[in-house]
Amino acid sequence: MIRWGLIGASTIAREWVIGAIRAAGGEVVSVMSSSAERGAAYAQENGIARAAANVDELVGDPDLQAVYISTTNEQHHDQALAAIRAGKHVLCEKPLALNLNDACEMVLKACEAGVVLGTNHHLRNAATHRTMREAIAAGRIGRPIAARVFHAVYLPPHLQGWRLDRPAAGGGVILDITVHDADTLRFVLDDDPIEAVAISHSAGLSKEGLEDGVMGVLRFRSGVIAQFHDAFTTKFAETGLEVHGTDGSLIGRNVMTQRPVGTVTLRNEEGEFELPLDHRNLYETALQAFHAAIEGKGSPSATGEDGVWSLAAGLAVSKSAANGMAVQIETGL
């Protein structure tokens, strides 16, 4: 049994990750919060044996093999390095860091220490996206030409907080949502983005200096261009992912979500067909793969390198939105 510590007494851990760890055969034995009182209450509410006072105490626990980091974005780098130095495997929320140097250092140090580093890009675990990837690889739409992502949602009040009012913490829609689009497109297309063009705005939900909506285009190595729309402000929009090829189109609806739902339709000269899907909990799939990686059987669903790519794309989108120019996407890997 792999024993986990949580760095961050977060909503996502409570709603999704704790249950996924347990469903994958692991155990959550410790949690750390910046507030000792909150950490103790969180531990009690979630059946966790111990609450640590700080990161060093948590990662210094010899009973732990792995940590899950879900603190605010600016803390990920230092906390991950502390865990890696302690010989712990690390599953980190996206973005891995706020700059590429820090993210690449996390990947390098994990490699040197011989520990597994994964990025919690849950969407690549969805049956919808896996089915789309398989259909494209099988040539069912011919050569991919273009894609569209609709990932404009409404950020619920209990999640608003720092994402809308703390630029220094890495808030804003690009580092929260656009990085997921970039990773999902990389996974589905099996291709890397090389250029970004974007325009962002604040539609009234976020503080000045932080974007709560963005539209743009990513260009991929193969020549595919992918349009995206991300927002925190749209209460009634539907999410989706489309990929259009020379011989057909794949239409995914209600697919950019944490829940195991959605449909994928294949359209070609023969007609329109809804593809069969084996819906499973996205986070349980991620934790099963992470546990297997710890045991030397494969890789995490999204590796540290995948996290560097999605961060590089997000940073390029931010830069393009700020300067009004096309920006090259470079990872430094």
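UniProt positions are given here in the numbering of the structure, and the annotations may be inferred rather than shown by experiment. In the predicted model examined here, residues 2-121 are covered by the annotation "domain: Gfo/Idh/MocA-like oxidoreductase N-terminal", which comes from an unreviewed UniProt entry. The C-alpha atoms at the two ends of this span are 21 Å apart, and its secondary structure amounts to 43% helix and 21% strand.

Side chains of opposite charge can pair when their charged atoms come close. A total of 18 salt bridges was found in the structure. One of them joins the side chains of R3 and D63, with an N to O distance of 3.7 Å. R3 belongs to strand β1 (residues 3-7), whereas D63 is placed in the loop between α3 (55-59) and β4 (66-69); the pair therefore ties together parts that are 60 residues apart in sequence. Both partners take an intermediate level of solvent exposure: R3 is partly exposed at a relative accessible area of 28%, and D63 is partly exposed at 29%.

A further salt bridge connects R253 with E242, at 2.7 Å from N to O. Here the two residues come from strands, R253 from β12 (residues 249-253) and E242 from β11 (residues 240-245), so that parts 11 residues apart in sequence are tied together. With a relative accessibility of 24%, R253 counts as partly exposed. E242, in contrast, has a relative accessible area of 4% and is classed as buried, because the limit for burial is under 20%.

The side chains of E295 and K297 also meet in a salt bridge, with an N to O distance of 3.9 Å. For this pair, both residues are exposed. Beyond these individual pairs, salt bridges link R124, D183, R186, D192, R221 and D306 into a network.

The surroundings of another acidic residue, D176, were also examined. D176 is located in helix α8, which comprises residues 173-189. Its relative accessible area is 12%, and D176 is accordingly buried. When residues up to four places away in sequence are not counted, D176 touches K94, R163 and F232. Of these contact partners, K94 falls within the annotated span of residues 2-121.

Definitions and conventions: Residues are numbered from 1 along each chain as its sequence is written. This is a predicted model: local features need pLDDT of at least 70, side-chain atom pairs count only at pLDDT 80 or more; totals for chains, interfaces and linings use all residues. Side-chain values use heavy atoms; hydrogens and water are left out. Helices (H or I, at least four residues) and strands (E, at least two) are DSSP runs, numbered from the N terminus. Buried means under 20% relative accessible area, exposed over 50%, partly exposed in between (1.4 Å probe, protein chains only). Contact means heavy atoms within 4.5 Å. A salt bridge is a side-chain nitrogen of Lys or Arg within 4 Å of a carboxyl oxygen of Asp or Glu.
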